[in-house]
Amino acid sequence: MSYKDVKRSKSAKDTRVIAIINQKGGVGKSTTAVNLSAALGEANRKTLLIDFDPQGNSTSGLGIEKEGLEQCIYDALLNDVPAEELIHDTESKKVFVIPATIQLAGAEIELVSAMARETRLKELIAPIKDEFDFIFIDCPPSLGLLTINALTAADSVLIPIQCEYYALEGVTKLLESMRMVKSRINKSLDTYGVLLTMYDSRTSLSNQVVDEVRAYFGDKTFKTLIPRTVKLSEAPSYGMPIISYAPNNKGAKAYMSLAKEVISRA
């Protein structure tokens, strides 16, 4: 089915373009990108996930075989392939993906000498933007040119922070990068929300981190806490979001709850 055959939600307003970002690895960026997209699809929001990480975890997490791909987001950035030619249908309701492969790793270097290098992704999204309720960009764990492109294309960011030691380490640098992009390139850039991931209610550490992050970010912090569960870790190996793999799991329920919060902020 073409993405054009699937309608947007009648109750939705403007398209929200949200970069899911944290330069630290292993904080749940791709897990959130895949599962939040699927949960929003279930809530009747037409969603596009742009995999902007050379690891391609969001691509495989939605059941797309990277090895069989002839083109990916790299071809749009460097070879001017239109975005609509790269959009793949998924098994998840109303969820579509522009995939990434390891080829994207070379884009950081190749973009250095490119014209309008910071706005390539924004220009790519422009012709298809109005087709979707939400567009998520799963960013790489770095603050290089790919991430700058994502911050330029997005109207807001969603920051996953894991409930572990040094949770806020590096966030200051991320916020500095956001301020730089906002002042020079994208004046409308804002923080959509901060998401606490890998939460374990049995540990005092998790609860301390929750308190610390909420004190730092205030009402920007989502109320929903994403728990640490085995099923959430297993689901990507089956190419399925948690709401398909284990719909009764507490992780699935958490992402459905998060989707409601995300919609309410839209």
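Buried means under 20% relative accessible area, exposed means over 50%, and partly exposed lies in between. Keep that scale at hand for the exercises below, which explore a predicted model.

**Exercise 1. Place Lys46 on the scale, then find its partners.**

Step 1. Lys46 has a relative accessibility of 0%, so Lys46 counts as buried.

Step 2. Look for an opposite charge. The side chain of Lys46 meets that of Glu131 in a salt bridge, at 3.6 Å from N to O.

Step 3. Locate both ends. Glu131 sits in the loop between helix 5 and strand 5, and Lys46 in the loop between helix 1 and strand 2 (47-51), so this pair ties together parts that are 85 residues apart in sequence.

Step 4. Check the partner too. Glu131 has 27% relative accessibility and therefore counts as partly exposed.

Step 5. Now look for a ring. Lys46 lies over the face of Phe132, at 5.0 Å from the ring centre.

**Exercise 2. Describe how Phe132 pairs with Phe96.**

Step 1. A pair of aromatic rings is described by the distance of the centres and the angle of the planes.

Step 2. A search of the whole structure gives 6 aromatic pairs. In one of them, Phe96 and Phe132 have ring centres 6.2 Å apart and planes at 65°; an angle over 60 degrees counts as edge-to-face, so that is the name for this pair.

Step 3. Place the two rings in the chain. Phe96 belongs to strand 4 (residues 95-98), while Phe132 is in the loop between helix 5 (120-125) and strand 5 (134-138); they are 36 residues apart, and the pair links distant parts of the chain.

Step 4. Both Phe96 and Phe132 are buried. Together with Tyr3 they form one aromatic cluster.

**Exercise 3. Contrast that with Phe134 and Phe136.**

Step 1. The ring centres of Phe134 and Phe136 are 5.9 Å apart and their planes stand at 0°, so the pair is stacked.

Step 2. Apply the scale again. Phe134 is buried because its relative accessible area is 3%, and Phe136, at 0%, counts as buried as well.

**Exercise 4. Work through two more salt bridges.**

Step 1. Side chains of opposite charge can pair when their charged atoms come close. Across the whole structure, the search finds 9 salt bridges.

Step 2. Arg8 forms one with Asp133, with the closest N and O atoms 2.9 Å apart. Arg8 is in the segment before strand 1 (16-20) and Asp133 in the loop between helix 5 and strand 5, so distant parts of the chain, 125 residues apart, are linked.

Step 3. Arg8 is partly exposed at 23% relative accessible area, whereas Asp133 is buried at 2%.

Step 4. Lys231 forms another with Glu234, the closest N and O atoms being 3.9 Å apart. Both residues lie in helix 9, 3 residues apart, about one turn of the helix.

Step 5. Lys231 is partly exposed at 35%, and Glu234 is partly exposed at 29%.

**Exercise 5. Which residues lie nearest the centre of the largest pocket?**

Step 1. The largest pocket has a volume of about 500 Å³.

Step 2. Its lining holds 30 residues, and Gly28, Lys29, Ser30, Thr31 and Met198 lie nearest the centre.

Step 3. Elements giving two or more residues to this lining include helix 1 (29-42) and strand 7 (190-199). The largest share, 5 residues, comes from helix 1.

Step 4. Sort the lining by type: 12 residues are nonpolar, 14 polar and 4 charged.

Notes
Residues numbered from 1 in each chain as written. Predicted model: local features only at pLDDT ≥ 70, side-chain atom pairs only at ≥ 80, totals over all residues. Heavy atoms only, no water. 1 Å grid on protein atoms, 1.4 Å probe; cavity = no way out; pocket = protein on both sides within 12 Å on 5 of 7 lines; lining within 4 Å. Points joined across faces, edges and corners; volume = space filled by probe spheres on them. Helix = DSSP H or I, 4+ residues; strand = E, 2+ residues; numbered from the N terminus. Nonpolar A, V, L, I, M, F, W, Y, C, P; charged D, E, K, R; others polar. Phe/Tyr/Trp six-rings, centres within 6.5 Å; stacked < 30°, edge-to-face > 60°. Buried < 20%, exposed > 50% of the residue type's maximum accessible area, 1.4 Å probe, protein only. Lys NZ or Arg CZ within 6 Å of the ring centre and 35° of its normal. Salt bridge = Lys/Arg side-chain N within 4 Å of Asp/Glu carboxyl O.
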